[in-house]
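Student: I have a structure open and would like to learn how to read it. Could you take me through some features one by one?
Tutor: Gladly! Let us look at it together.

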Protein chains: 4
Amino acid sequence: MELAMDGPALEAFVAREFPQVAGDFAVEAVGEDLVLRLRVADRHLRPGGTVSGPNMFALADVGIYLAILSRLGPVALAVTTNATIDFMRKPAAERDLVAKVRLLKLGRTLAVGDVLIYSEGETEPVARASMTYALPKT
Amino acid sequence: MELAMDGPALEAFVAREFPQVAGDFAVEAVGEDLVLRLRVADRHLRPGGTVSGPNMFALADVGIYLAILSRLGPVALAVTTNATIDFMRKPAAERDLVAKVRLLKLGRTLAVGDVLIYSEGETEPVARASMTYALPKT
Amino acid sequence: MELAMDGPALEAFVAREFPQVAGDFAVEAVGEDLVLRLRVADRHLRPGGTVSGPNMFALADVGIYLAILSRLGPVALAVTTNATIDFMRKPAAERDLVAKVRLLKLGRTLAVGDVLIYSEGETEPVARASMTYALPKT
Amino acid sequence: MELAMDGPALEAFVAREFPQVAGDFAVEAVGEDLVLRLRVADRHLRPGGTVSGPNMFALADVGIYLAILSRLGPVALAVTTNATIDFMRKPAAERDLVAKVRLLKLGRTLAVGDVLIYSEGETEPVARASMTYALPKT
């Protein structure tokens, strides 16, 4: 497997394309799997100190998107067409979330990935997600 | 069908439980269906002026949650266990989104709803979502 | 909305392409919505006399597929890429199932539909499904 | 992790509860993961010789169900409440399918598992599924 973009290149892409959220995410590993951290801050939290559903959705979505870019290079026009999330456990309060991403398919027109999301340091996932992306014609 | 909470009661509940997002949402109808508006602001937008995926997720999630509350009253402990979204069209730039919510099941332990999301004034939905909630034991 | 195939044309298509299951399904209405009946027989049942999950999956899948064909004509190469089903109630024992199908998107490369499935004569759905199909290039 | 049922006990359970399909499935491993084989026969095939979607659905459904039973023992009343499948590649013609199942959550009222399905001998999955089960009160 050859990588088209490494961690710093992916973070630079996010900073350029999604400046509003760029500081939220850190790429911790790129390769067969991709590991993405959500640096949890007050704005991500629900009352009780746990990360909200939309922020877990965003973590999974950005994670799979970056896994696609790591193979294809900076194709800014990939769009999410389907997303499914299972919320299985309450995240630990005020702790970062770590997403482990696998790319299951990278076809000509569609890509599919799945994700397990963990509260940092825990072994049981808080959520599972799978998403499909439509790829721009080349 | 009897309602346990009307539109103003639902908005007051959101303001109390989710103060960070309360101003974002307006309940436009409650009854067999529920209609919820996302008042689109700069913080909801991606480059290009369209609403981001996580914000559409949040609109669907809050919409179905409020439909459950409209029947059961203020059960703050209902939690989303599964969410599926199909993103079908690009939202119109800088226009409010309107979610039309149906409650398909309201059981003792699980509730299921689905949603069509429209850019205001359009007839083709931009997204479709269905979600399951675990209800607190009573 | 113009129809490319009516009910008898759709049933003839199923008989030709899927001879193993052709007798199972009856197209009851085609138009803005499509209504498809599963003629329940012993082979569809689980112990207890209710229709099994895979047979409800098949009903939803065939229903949305036929709704696509009703618009596009006999494009035998459309393939299901994603399916989500919520099983909400136990079907009534040994009663036919009726699927009400809406086509939500019919794009150049992807189509999306959703379905409510009812035990005949009931008003509460037993299941809800949404599916995505990749359309052959034309 | 302690097992409540091993492979032969699971196969005996399927033979007793689902006699119509019992010969279709072989439990090849039980432990942290569960491996279930679909012995492909003519009745599982679509024209072209590939396994149909409903049969892949059934394989995933039975696989996760058996993974739950391997931990809990023979709780015949667990019911599938939600299923999501991504069909990613065409299965190889007339070849068995092998499902690799992980149990991601085993709570008091809900269990969640996911599955990768392979054509025997291939390294790229043909499908991915995740499913939720409601567990009977104990």
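Student: Which residue is the bridge partner of Ala29(C) in β2(C)?

Tutor: It is Val35(C). Before we go on, keep in mind that this is a predicted model. To read a strand pair, ask which strands are joined, in what direction they run, and what lies between them. Here, strand β1 (residues 25-30) of chain C is joined to strand β2 (residues 33-38) of chain C by 5 bridges, and the two run antiparallel. β1(C) and β2(C) form a hairpin, with 2 residues between them.

Student: What comes after β2 in chain C, and where is Val40(C) placed?

Tutor: Val40(C) sits in the loop between β2 and α2 (53-72) of chain C. With a loop residue, look for partners that are distant in sequence. Arg95(C) is 55 residues away from Val40(C) along the chain, yet their C-alpha atoms are separated by 6.5 Å. Leaving out residues up to four places away in sequence, Val40(C) touches Leu45(C), Val51(C), Arg95(C), Asp96(C) and Leu97(C).

Student: Now salt bridges. How many are there over all chains?

Tutor: The rule used here counts 32 over all chains. To read one, find the two side chains and then ask where each sits in the chain. In chain C, the side chains of Asp24(C) and Arg43(C) meet in a salt bridge, at 2.4 Å from N to O. The pair links distant parts of the chain, 19 residues apart: Asp24(C) is in the loop between α1 (7-17) and β1 of chain C, while Arg43(C) is in the loop between β2 and α2 of chain C.

Student: Let us turn to the interfaces. How many residues of chain A are in contact with chain B?

Tutor: 20 residues of chain A contact 21 residues of chain B. A good habit is to ask next about the area, and then about the kinds of contact. Chain A and chain B bury about 1600 Å² between them, and 52% of it is on carbon and sulfur atoms. The rule finds 0 salt bridges across this interface, but there are 8 residue pairs in polar contact, counting pairs with both residues at pLDDT 80 or more.

Student: Which elements of chain A give two or more residues to the side that touches chain B?

Tutor: They are α2 (53-72) and β3 (79-87) of chain A. β3(A) gives the most, with 8 residues. Sorted by class, this side of chain A has 9 nonpolar, 6 polar and 5 charged residues.

Student: What does β3(A) pair with in chain B?

Tutor: Strands can pair across a chain boundary, and here β3(A) is joined by 5 bridges to strand β3 (residues 79-87) of chain B, running antiparallel. As an example, Asp86(A) has Asn82(B) as its bridge partner in β3(B).

Student: How are the two copies related, and what rotation superposes chain A on chain B?

Tutor: Read the turn and the shift together. A rotation of 180° with 0.0 Å of shift along its axis superposes chain A on chain B, with an RMSD of 0.0 Å. That is the relation of a two-fold axis. Of the residues of chain A, Thr84(A) comes closest to the rotation axis, its C-alpha being at 2.1 Å. The same surface serves both copies, as 100% of the contact residues of chain A recur in chain B.

Student: And how many residues of chain B are in contact with chain C?

Tutor: We can use the same approach. 15 residues of chain B contact 15 residues of chain C, and the two chains bury about 1300 Å² between them, 52% of it on carbon and sulfur atoms. Met88(B), Leu104(B) and Arg128(B) supply 37% of the area that chain B buries against chain C, more than any other three residues. The count of salt bridges between chain B and chain C is 0, whereas 6 residue pairs are in polar contact, both residues being at pLDDT 80 or more.

Student: Which elements of chain B give two or more residues to that side?

Tutor: β3, β4 (97-106), β5 (110-119) and β6 (127-134) of chain B do. The largest share, 4 residues, comes from β4(B).

Terms used: Residues numbered from 1 in each chain as written. Chains lettered and ligands numbered in written order. Predicted model: local features only at pLDDT ≥ 70, side-chain atom pairs only at ≥ 80, totals over all residues. Heavy atoms only, no water. Contact = heavy atoms within 4.5 Å. Buried area = accessible area lost by both parts, 1.4 Å probe. Salt bridge = Lys/Arg side-chain N within 4 Å of Asp/Glu carboxyl O. Polar contact = N/O pair within 3.5 Å; in protein donor to acceptor, adjacent residues only side chain to side chain. Nonpolar A, V, L, I, M, F, W, Y, C, P; charged D, E, K, R; others polar. Pairing = 2+ DSSP bridges. Least-squares fit on C-alpha atoms with pLDDT ≥ 70 in both.
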